[in-house]
Amino acid sequence: MTLSMLDMFRSRIGRTAGAIMALGLAATPALAEVFTVAVAPDTQNYSDITLAQPRGEEIFAGQMRYLVEQKAQKNLVFVSFVGDIVQHGDGQFRQKTGDDEWQVFDTRAEWDIANRAISILSASDIPFGMVPGNHDYDNYGWWRDGASGPGAKRPLAGGRLWNVYFGAGSRHFAGRNWYGGASANGLNSYQLFEGGGKAFLHLSLEMEPTPTALDWAQGVIDAHPGRPVIVSTHEWLKPDPNGGTPRSNDYKAYFDGADNLPPDEVWDRFIRKNAMIFMVLSGHNWTPTVDGLSHGESLRTDLNDAGYPVYQVLQDYQGNTIGADGKPGSANGGAGWLRFMAFDTDKRKIHFYTYSPLLDRYAGRNGEATFGVAPHYSDFELDFPPQLLN
């Protein structure tokens with residue numbers, strides 16, 4: 001989205017919010033404060049046991065320690081994980097080491113790496129939600145079939161390991177008063193949190209959710225009327241260095257033969273019909289790495305059926321490998337980058353910014369094209385949408 005497009009949406013949002021206030025429906029927030037929501041996107045390369053370890057594991061753990069340490073200073077009220085927690089979701093996978101030679105790995109080591117890192121966060125009292133990405137499904141590798149991945153009539157399926165490690169009954173979520181519950185298959189869940197005196201609902205939706213998952217999610221929204229809603233799901237937007245903001249619709253690549261719905265259909269069937277959904281967070285998509293840099297950010301705004309804006313935000317840093325020494329390839333993919341959203345209830349603005357505790361560096365500051373694209377993808381500000389003003 002170009003800066004002029006951002007201005008256009010701000011103007012439209014301002015007119016909508018002004019109309020609501022004129023009707024006496026907008027109220028001053030109960031507390032004038034700044035609170036923060038963070039996103040930890042696509043941690044798969046930190047967990048990957050075929051990459052340099054414990055380097056990646058230490059980066060992952062460092063991210064979680066930073067979030068816990070910054071809880072008070074940032075007034076951090078929620079963290080979203082947008083999928084691809086591990087690289088190889090299968091119980092085992094193999095890689096070719098020669099003409100007729102294969103090395104077999106046990107992916108439980110990757111789940112354990114992720115589990116140890118996320119345990120740092122769950123030991124705190126910061127609410128968080130997690131969604132599975134394509135790499136987290138039980139059958140992601142398909143190596144037993146001699147194929148390279150999901151294809152025709154072989155949809156991604158299975159959440160056995162996901163539920164063991166990060167399901168509703170896991171030690172991360174069981175008994176937490178902010179964890180609302182999960183769908184029957186365990187791949188969808190919801191969380192409750194507060195910020196600025198307002199109660200929020202967060203929906204964690206499986207990748208390309210099915211109609212059954214959307215029915216479950218609709219029931220959750222209906223049971224929590226009036227709450228502003230953030231949705232996190234793995235696949236939603238694609239990065240476009242040329243300024244476009246396309247949604248990602250790789251339906252055939254992952255779920256051919258199943259009833260999973262690509263983003264455009266999820267928008268039409270669910271997102272646009274729910275007035276209180278004001279944001280969709282996603283990962284999954286990034287551009288090929290060049291000299292250690294990759295573009296994995298995008299922003300799109302559409303109006304829902306109520307005429308309110310829905311901010312759709314992509315963050316996926318897995319293609320960035322420049323470490324603290326400044327050299328490409330010296331950090332497992334991601335280099336510690338995290339997304340933050342600071343909600344200022346006095347100014348009624350949301351400041352989106354990108355920071356790496358590994359590098360102690362902000363992206364997009366002072367006009368810097370940190371990831372090789374326009375800096376406003378990394379650091380920008382949007383108005384409070386009407387969903388936060390009523």
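Two strands count as paired if DSSP finds at least two bridges between them. The exercises below apply this to a predicted model.

**Exercise 1. Place strand E1 among its partners.**

Task: Which strands pair with E1, in which sense, and over how many bridges?

Solution.
- Step 1. Take strand E2, residues 76-81. E1 and E2 pair in the parallel sense over five bridges.
- Step 2. Find a facing pair. Ala38 stands opposite Val79 in E2.
- Step 3. Take strand E13, residues 338-344. E1 and E13 run antiparallel and are joined by six bridges.
- Step 4. Find a facing pair here too. Phe35 stands opposite Phe343 in E13.
- Step 5. Check burial. Of the seven residues in E1 (residues 34-40), six are buried, so the strand is largely enclosed by the rest of the structure.

**Exercise 2. Describe the surroundings of Thr36.**

Task: Is Thr36 buried or exposed, and what does its side chain reach?

Solution.
- Step 1. Locate the residue. Thr36 belongs to strand E1.
- Step 2. Apply the cut-off. Buried means under 20% relative accessible area. Thr36 has 2%, so it is buried.
- Step 3. List contacts, leaving aside neighbours within four places in sequence. Thr36 touches Lys74, Asn75, Leu76, Val77, Phe78, Phe340, Met341 and Ala342.
- Step 4. Look for polar atoms. A polar atom of the Thr36 side chain lies 2.7 Å from the backbone oxygen of Lys74.

**Exercise 3. Work out the seven-stranded sheet.**

Task: What is the strand order of the open sheet of seven strands, and which strands stand at its edges?

Solution.
- Step 1. Read the order. The sheet runs E6-E7-E8-E9-E10-E12-E11, it is open, and its pairing is mixed.
- Step 2. Find the edges. E6 and E11 (297-303) each have a single partner strand, so one side of each is left without a neighbour in the sheet.
- Step 3. Add the twist. Ignoring direction, neighbouring strands of this sheet are turned by 20 degrees against each other on average.
- Step 4. Examine the E11 edge. Seven bridges connect E11 with E12 (residues 309-315), and the two run antiparallel. Leu299 stands opposite Val313 in E12.
- Step 5. Examine the E6 edge. E6 (residues 179-182) and E7 (residues 189-195) pair in the antiparallel sense over three bridges. Tyr179 stands opposite Gln191 in E7.
- Step 6. Inspect the turn. E6 and E7 form a hairpin with six residues between them. Gly186 in that turn has a positive phi of about 80 degrees.

**Exercise 4. Find the buried face of helix H7.**

Task: Which residues of H7 are buried, and what covers them?

Solution.
- Step 1. Check the length. H7 (residues 211-222) has 12 residues. From first C-alpha to last it reaches 16 Å, close to the 16 Å expected at 1.5 Å a residue.
- Step 2. Pick out the buried residues. They are Ala213, Leu214, Ala217, Val220 and Ile221.
- Step 3. Look down the axis. The buried residues of H7 fall within an arc of 115 degrees, so they line one face of the helix.
- Step 4. Turn to the face away from the buried side. It carries the exposed residues Thr212, Asp215 and Asp222.
- Step 5. Name the cover. It includes E7, E8 (198-205), helix H9 (263-271) and E10 (277-282).

**Exercise 5. Connect helix H5 to a distant part of the chain.**

Task: Which residues does Ser122 contact, leaving aside its neighbours within four places in sequence?

Solution.
- Step 1. Check the helix. H5 (residues 108-122) has 15 residues, which should span 21 Å at 1.5 Å a residue. Its end C-alpha atoms are 20 Å apart, which agrees.
- Step 2. Locate the residue. Ser122 lies in H5. Its relative accessibility is 6%, so Ser122 counts as buried.
- Step 3. List the contacts. They are Phe128, His172 and Arg176.
- Step 4. Compare sequence and space. Ser122 and Arg176 are 54 residues apart in sequence, and 9.9 Å apart from C-alpha to C-alpha.
- Step 5. Add the polar contacts. The side chains of Ser122 and His172 are joined by one of 2.9 Å. The Ser122 side chain also reaches the backbone oxygen of Ser119 at 3.4 Å.
- Step 6. Set this against the chain. Among contacts between residues at least 6 apart in sequence, 71% join residues at least 24 apart.

Methods:
Residues numbered from 1 in each chain as written. Predicted model: local features only at pLDDT ≥ 70, side-chain atom pairs only at ≥ 80, totals over all residues. Heavy atoms only, no water. Helix = DSSP H or I, 4+ residues; strand = E, 2+ residues; numbered from the N terminus. Buried < 20%, exposed > 50% of the residue type's maximum accessible area, 1.4 Å probe, protein only. Expected span 1.5 Å × (residues − 1). Arc of directions from axis to C-beta. Contact = heavy atoms within 4.5 Å. Axes fitted to C-alpha atoms, helices over the stretch in contact; angles between N-to-C directions. Polar contact = N/O pair within 3.5 Å; in protein donor to acceptor, adjacent residues only side chain to side chain.
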